[in-house]
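Trainee: I have a model open and would like to go through it with you. Shall we take it one question at a time?

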Amino acid sequence: MAHRQKSTQRGRPSSSTGGAIPRVQLHAILPWGGVFPSNNPVYLPGGTGPSAFGLTDMELGVKLAIIKETKHIPQIGTFTMFEMPTGSYDKGLGVGKVWYKLPVWLQKNYGKWLFDGGGGYQVVPQANYRDFPYTGWLVKRELNERLELGAELFAHGREGFAAAQTGRSAMIDVGGYYHFKRNPNEQFLFCYGHSIAGQTENYAYAGMYWTWGGKDNDKKDTASNNWMQGPMNGFQ
């Protein structure tokens with residue numbers, strides 16, 4: 001059976017905590033997901049097998065701001081992630097071994113606009129998977145206190161025959177998140193993306209996102225503590 005874990009796993013609903021250590025945020029996801037292979041001969045030897053639904057690989061990460069943002073300098077940091085093999089490898093819901101995401105990124109705010117992006121390398125030490133580079137560049141606009149919209153260009157290398165994305169692909173996605181009035185750290189996420197080059201790829205999602213820590217009574221400080229939490233960025 002070909003295993004079809006979507007290894008980039010961008011923009012999933014998650015929980016995180018921050019504020020205990022300056023410029024450090026902890027990140028954890030215990031996701032549920034599904035695999036629905038096309039069984040199309042065009043994608044052989046990948047894209048075959050039965051459909052499945054259940055717990056997928058758990059994600060643990062540490063966001064570290066190495067250089068703090070100033071008026072003229074962007075914030076620069078890393079977002080190392082460890083993907084734990086909690087999903088069923090036999091059903092294609094998990095990779096079956098610990099795998100890693102190693103990105104470096106930068107972020108700059110200009111009024112109600114936010115620009116961020118960077119690149120990274122994904123290490124997947126499993127048969128029929130490949131290590132590969134990826135990059136993502138995001139522009140986001142705050143429309144009001146509750147609604148933010150953005151668009152991203154994201155690209156990745158070949159991920160291997162066992163992954164959902166067997167070939168290289170570049171795509172554009174658009175989406176945003178809505179902050180609830182009574183709790184700004186509770187957000188509704190939505191996004192849709194489609195490939196513009198390389199292997200055909202598209203995705204869509206809607207979900208809830210929660211953050212803890214930081215100064216809830218200061219919107220600017222809360223946003224700083226929750227950097228790289230946006231729904232479109234290619235590093236989640």
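Trainee: In which loop does Ile73 sit?

Mentor: This is a predicted model. Ile73 is partly exposed, with a relative accessible area of 42%. Its place in the chain is the loop between E5 and E6.

Trainee: Which residues form the nonpolar patch on the surface, and what is their accessible area together?

Mentor: Ile73 belongs to it, alongside Leu26, Val62, Leu64, Ile66 and Ile67. Partial exposure of Ile73, at 42%, puts that residue over the 30% cut-off for patches. Together the six residues Leu26, Val62, Leu64, Ile66, Ile67 and Ile73 have an accessible area of about 480 Å².

Trainee: Which element gives the most to the nonpolar patch?

Mentor: One strand supplies four residues. Strand E5 covers residues 58-67. The element that gives the most is E5.

Trainee: Which residue in strand E7 pairs with Glu59 in a salt bridge?

Mentor: Side chains of opposite charge can pair when their charged atoms come close. Glu59 lies in strand E5, and its partner lies in strand E7, residues 99-110. The two are 42 residues apart, so this salt bridge links distant parts of the chain. With N to O at 3.0 Å, the partner is Lys101.

Trainee: Is Glu59 buried or exposed?

Mentor: Buried means under 20% relative accessible area. Lys101, its partner, counts as buried at 1%. Glu59 has 0% relative accessibility, so Glu59 is buried.

Trainee: Which residues are linked in a network of salt bridges?

Mentor: Glu83 also forms a salt bridge with Lys101, with the closest N and O atoms 3.3 Å apart. Glu83 lies in strand E6 and Lys101 in strand E7, so this pair ties together parts 18 residues apart in sequence. Both Glu83 and Lys101 are buried. The network consists of Glu59, Glu83 and Lys101.

Trainee: What is the distance between the closest N and O atoms of Lys108 and Glu69?

Mentor: Lys108 is in strand E7, while Glu69 is in the loop between E5 and strand E6, 39 residues apart. Lys108 counts as buried at 8% relative accessibility. Glu69 is partly exposed, at 23%. Their salt bridge has its closest N and O atoms at 3.4 Å.

Trainee: How many salt bridges does the structure hold?

Mentor: Among them are Glu59 with Lys101, Glu83 with Lys101, and Lys108 with Glu69. The total for the structure is four.

Trainee: What is the phi of Asn128?

Mentor: Most residues other than glycine have a negative phi. Asn128 has a positive one. It sits in the loop between strand E8 and strand E9, exposed at 54% relative accessible area. Its phi is near 70°.

Trainee: How far apart in space are Trp32 and Phe53, C-alpha to C-alpha?

Mentor: Trp32 lies in strand E3 and counts as exposed, at 62% relative accessibility. Beyond four places in sequence, Trp32 touches Phe53, Gly54, Leu55 and Thr56. Trp32 and Phe53 are 21 residues apart in sequence, and their C-alpha distance is 7.5 Å.

Trainee: Over which residues does pLDDT stay under 50?

Mentor: The chain averages a pLDDT of 80, and 79% of the residues score at least 70. Where pLDDT is low, the predicted coordinates should not be read in detail. One such stretch has 101 contacts beyond four places in sequence, and another has 77. They are residues 1-19 and residues 216-236.

Definitions and conventions: Residues numbered from 1 in each chain as written. Heavy atoms only, no water. pLDDT = per-residue confidence, 0-100. Contact = heavy atoms within 4.5 Å. Salt bridge = Lys/Arg side-chain N within 4 Å of Asp/Glu carboxyl O. Buried < 20%, exposed > 50% of the residue type's maximum accessible area, 1.4 Å probe, protein only. Patch = residues over 30% accessible without salt bridge, like charges linked within 9 Å, V, L, I, M, F, W, Y side chains within 5 Å. Areas by Shrake-Rupley, 256 points an atom, 1.4 Å probe, with all protein chains shown as cover.
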